[in-house]
Amino acid sequence: MYSFTVNGQPVSSEEDKKLMYFLRDDLRLTGTKDGCDSGACGACTVLINGRASKSCLFTLAKVVGKDVTTVEGLTQREKDVFAYAFAQTGAVQCGYCIPGMLISAVGLLKKKPDPTDTDIRKGIRGNICRCTGYVKIVEAIKVAAKMLREELPIPDKHSDGKLGHDFQRVDAVAKVLGTGKYVDDIVVPGMLYASAIRSAYPRARLLKIDTTAALAHPDCVAVLTSKDVPGNNKIGHLEFISDWDVMIPVGEVTRYVGDAVALVVSKHKASLDAIKDLVDVEYEELTPLLSCAAALADGAPKIHEKGNLLTHEHLIRGNTDEKLANSKYVVKQHYSVPINEHAFMEPECAIAIPEGDGILLRTGGQGIYDEQREVSRMLGLPKEKVHVHSELVGGGFGGKEDMSVQHHAALAAWCLHQPVKVLFTRQESLLVHPKRHGMEMDFVTGCDEEGNLTAMKAVVYADSGAYASLGGPVLQRACTHAAGPYKYQDIDIEGFAVYTNNPPCGAFRGFGVCQTAFAIESNINILAKKVGISPWEIRYRNAVAPGDTLPNGQLVTQNAALKESLLAVKPAYDEAKVAGVTCFFKNSGIGVGLPDAGRCIVSVEDGKVHIRTSAAGIGQGVGTVMTQIVCETLDIDPSLVVAEAPDTRRTPDSGTTTASRQSLITGEATKRAAQQLRVELDMGRSLADLEGREFFGEFFPETDPLNSDKKNPVSHVGYGYAAEVVTLDDAGKLGKFVASYDIGQVVNPKAAAGQIEGGIVMGMGYALTEKFEVKDGYVKARYATLGLLDATKVPPIETSFVHAGNNHDGMAYGIKGVGELATILPAPAIAGAYYALDGELRPTLPLENTPYQKKKKK
């Protein structure tokens with residue numbers, strides 16, 4: 001018997017297990033989150049005898065006789081203070097890491113009631129956050145420390161929720177205190193547990209699956225294979241491709257080590273691994289194709305029936321060869337960037353529950369209608385028979401757009417007529433879900449003797465891995481943004497997305513632009529040196545302004561403020577001893593002539609205004625954005641507004657949370673729905689009079705396809721612009737970031753700044769420390785070895801906003817997206833800083849020969 005106290009109450013267990021599992025599964029204290037199960041992320045932090053400790057590293061035997069405190073066991077005063085401090089400062093985004101952060105803060109303040117910023121950063125260095133960049137978390141802990149130390153009352157602050165005003169996120173308090181539910185926090189009566197057996201090889205023919213021994217295990221309920229799929233065994237995020245196997249059939253060939261070959265269902269989560277080990281799987285190992293060159297070589301075996309070239313793009317405007325031939329200076333350079341892991345804090349999880357003659361899917365992805373479509377395809381059901389409801393989502397960044405656990409949970413629940421949960425371990429998450437594309441890029445850029453850009457050519461090879469995912473659209477964005485936000489018109493950009501036997505690559509914050517921005521901005525730094533002007537000057541001379549034309553031919557709108565952003569960071573650049581500067585842009589909306597739609601229902605229920613949209617909140621705060629749009633439109637108090645969770649029975653299809661689209665596209669739809677209600681209110685009717693009424697808003701932005709023959713095609717409905725300066729200190733480490741952003745109408749200044757700070761830190765990791773190790777097609781990466789930045793490694797970040805014209809006009813009140821843009825600029829800015837330091841071009845990521853990474857030996 002293992003006995004100890006939890007939150008002041010005596011508890012005991014006859015079985016020795018991890019403390020984290022005991023707290024979550026036995027005591028149902030789900031504020032303690034399972035992020036990595038290996039002591040690397042800190043989401044499961046609790047106090048053990050008053051000391052912040054990671055509960056996944058302690059067995060019950062190690063805490064016998066000790067006192068354990070979880071977030072649920074804090075005093076009411078502590079809960080009130082921290083909930084206020086974290087919500088008020090904007091320290092909460094996806095929220096999955098926050099209870100662990102809070103516990104680490106409590107442990108710190110018990111030792112140091114008046115901590116410095118350095119103390120706080122050291123106190124939370126065991127806790128990873130992928131959303132916030134830590135800036136506002138540090139601020140929140142300082143606020144809480146002062147309130148606790150000086151016994152200050154909770155301030156009675158209120159926001160009108162209007163655009164441009166700080167407003168607490170609608171879900172902040174629930175996330176801080178751990179009361180908000182993510183999928184794995186939920187238990188359903190009679191629930192079974194399922195887990196997939198993955199391919200033993202990157203490429204192999206599946207010869208046999210023998211389930212005899214597994215089925216004899218007392219906990220085993222079933223072992224499902226592709227034969228048990230009642231509908232289509234092929235699914236995929238892009239319906240017209242749908243090339244991803246639910247499970248690889250016997251006789252077919254696996255495409256990467258994440259491929260599922262069988263699905264084991266158990267009565268208990270703890271016995272899943274033992275049952276999986278009893279399934280006998282035989283393969284014929286085949287030679288994998290591990291590079292674009294190998295996959296495109298003559299005679300290479302086909303990974304998919306149509307061949308190994310997923311897609312090809314070629315954007316041509318003007319006469320590039322002639323312009324380059326007549327340019328005073330020309331730079332030719334090869335750049336190489338690796339695949340990159342999202343490392344969102346919440347591992348993927350889904351619960352499927354039989355519901356009448358259909359399925360209810362409780363999920364945490366980036367688009368409930370995508371999940372509905374793919375699951376209904378797999379089960380052979382009409383879409384309306386698949387009811388999808390989103391719980392809180394613990395981060396996504398694009399990594400939760402593809403099916404991961406949802407289809408397997410639904411298949412098992414459908415076949416067995418019982419609720420089934422599928423939860424990835426962190427290692428399985430690293431193995432399975434699509435990553436940021438690795439790319440090999442050749443860039444040629446020219447300018448005249450004064451530094452005016454003349455033309456550019458680029459050839460880009462993107463390793464899309466085993467499946468299409470969003471490899472095609474990612475390649476399109478990589479190409480459409482490859483010339484940068486500059487006013488030259490002669491471009492020749494060719495891109496290839498290639499199937500290989502590496503892990504699939506798809507959507508990741510920045511969506512292909514992080515890669516090509518690194519290349520073009522580095523070339524521009526070299527040109528500036530050849531011309532004899534500063535990197536800031538060459539960018540300012542070439543930066544587009546309202547009325548100019550982007551390299552893709554699109555006219556720059558009157559609310560573009562790229563030059564203003566460059567001017568805003570110029571003082572920091574001029575004052576620094578060593579600095580790098582960059583500016584860039586990023587589209588809002590899917591664009592390039594493809595269908596795109598935002599939809600929203602605004603309904604009056606029980607005297608309140610309900611916002612019903614399927615836009616997924618993955619940390620960016622879409623529910624809060626829509627609330628503020630409604631408050632602006634209706635001029636009502638935010639206490640009268642309810643932002644509902646996405647649900648296919650309640651909320652209309654607003655598309656995937658991707659491409660920085662929801663704030664603008666669904667924001668405009670929400671505005672239109674709210675305006676209809678506003679007409680009724682302006683006619684003298686009250687909310688009580690309108691009880692039960694629904695108002696539907698819809699928005700379809702019109703754009704033009706790639707290589708449109710129009711003189712000035714509209715590639716995207718909107719663009720955000722930004723400039724960033726990175727300084728280096730005397731030791732060659734990053735001194736600070738100074739960032740200025742044009743995101744149109746700023747909805748919520750603290751939330752917007754938090755998005756930028758988080759994006760900058762993610763981009764900093766991409767530039768300097770992050771590695772996703774894959775060797776010979778096998779994933780060797782672990783969460784602890786990804787190179788994720790903790791709070792002690794992040795330099796100061798200063799953000800500001802600029803604008804041109806009247807931002808309050810236009811679609812969605814002039815709102816643009818910011819989430820993706822914020823991750824694009826750091827890597828080229830940092831590369832520029834090191835180039836300024838020693839004149840050495842660093843053409844690969846993470847950057848070599850810095851205090852963060854040493855130069856590789858040849």
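**Exercise 1. The chain as a whole**

Task: Find how many helices and strands the protein chain has, and work out whether its radius of gyration agrees with that of a compact globule.

Solution:
- Step 1. Start with the secondary structure: this predicted model has 22 helices and 31 strands in its protein chain.
- Step 2. Next, set the expectation. For 858 residues, a compact globule would have a radius of gyration near 29 Å.
- Step 3. Compare that with the model. The protein chain has 26 Å, which agrees.
- Step 4. Add the outline: along the principal axes, the C-alpha atoms fill a box of roughly 80 × 70 × 60 Å.
- Step 5. Look at burial and contacts. Of the 858 residues, 64% are buried. Among contacts with a separation of 6 or more, 79% join residues 24 or more positions apart.

**Exercise 2. Surface and charge**

Task: Describe what the protein chain exposes and how its charged side chains are placed.

Solution:
- Step 1. The exposed area is about 29,800 Å², and carbon and sulfur atoms supply 50% of it.
- Step 2. Count the charges: there are 93 positive and 104 negative side chains.
- Step 3. Locate the two sets. Their centres lie 4 Å apart.

**Exercise 3. Checking three helices with a ruler**

Task: For H15, H20 and H22, test the end-to-end distance against a rise of 1.5 Å a residue, then judge how covered each helix is.

Solution:
- Step 1. Take H15, residues 513–531. The rule takes one less than the number of residues, so the 19 residues of H15 should span 27 Å. The end C-alpha atoms of H15 are 26 Å apart, which agrees.
- Step 2. Take H20 in the same way. Its 20 residues should span 28 Å, and its end C-alpha atoms are 28 Å apart, in agreement.
- Step 3. Finish with H22, residues 826–838. Here 13 residues should span 18 Å, and the ends are 19 Å apart, which agrees.
- Step 4. Turn to burial, where the cut-off is under 20% relative accessible area. In H15, 17 of the 19 residues are buried, so the rest of the structure largely encloses this helix.
- Step 5. H20 is mostly covered, with 18 of its 20 residues buried. H22 is mostly covered too, with 10 of its 13 residues buried.

**Exercise 4. What surrounds H22, and what follows it**

Task: Name buried residues of H22, list the elements they pack against, and follow the chain past the end of the helix.

Solution:
- Step 1. The buried residues of H22 include Pro826, Ile830, Tyr834 and Tyr835.
- Step 2. Buried residues of H22 pack against helices H15, H20 and H21 (821–824), and against strands E22 (579–588), E27 (718–728) and E28 (734–742).
- Step 3. Just after H22, Gly839 takes a positive phi of about 70 degrees. A glycine also follows H15: Gly532, with a positive phi of about 95 degrees.
- Step 4. Continue into the segment after H22, where Pro846 is placed. The peptide bond from Leu845 to Pro846 is cis, with omega near -10 degrees.
- Step 5. Asn849 is found in the segment after H22 as well. Asn849 is partly exposed, at 33% relative accessible area. From Leu821, Asn849 is 28 residues away in sequence and 27 Å away in space, C-alpha to C-alpha.

**Exercise 5. Four loop residues**

Task: Decide whether Ile743, Val794 and Asn49 are buried or exposed, and state the phi of Asn49 and Asp776.

Solution:
- Step 1. Ile743 sits in the loop between E28 and H20. At 4% relative accessibility, Ile743 counts as buried. Beyond its neighbours within four places in sequence, Ile743 contacts residues including Ala752, Phe801 and Val818.
- Step 2. Val794 lies in the loop between E30 and strand E31 (797–801). Its relative accessible area is 7%, so Val794 is buried. Setting aside residues up to four places away in sequence, Val794 touches Arg121, Gly133, Tyr134, Val761 and Leu789.
- Step 3. Asn49 belongs to the loop between strands E3 (45–48) and E4 (51–54). With 52% relative accessibility, Asn49 counts as exposed.
- Step 4. Now the backbone. Asn49 is not a glycine, and its phi is positive, near 50 degrees. Asp776, also not a glycine, has a positive phi of about 55 degrees. Asp776 is in the loop between strands E29 (774–775) and E30 (778–779).

Conventions
Residues numbered from 1 in each chain as written. Heavy atoms only, no water. Helix = DSSP H or I, 4+ residues; strand = E, 2+ residues; numbered from the N terminus. Buried < 20%, exposed > 50% of the residue type's maximum accessible area, 1.4 Å probe, protein only. Contact = heavy atoms within 4.5 Å. Rg over C-alpha atoms; globule rule 2.2 N^0.38 Å. Areas by Shrake-Rupley, 256 points an atom, 1.4 Å probe, with all protein chains shown as cover. Lys, Arg positive; Asp, Glu negative; His and termini not counted. Charge placed at Lys NZ, Arg CZ, Asp CG, Glu CD.
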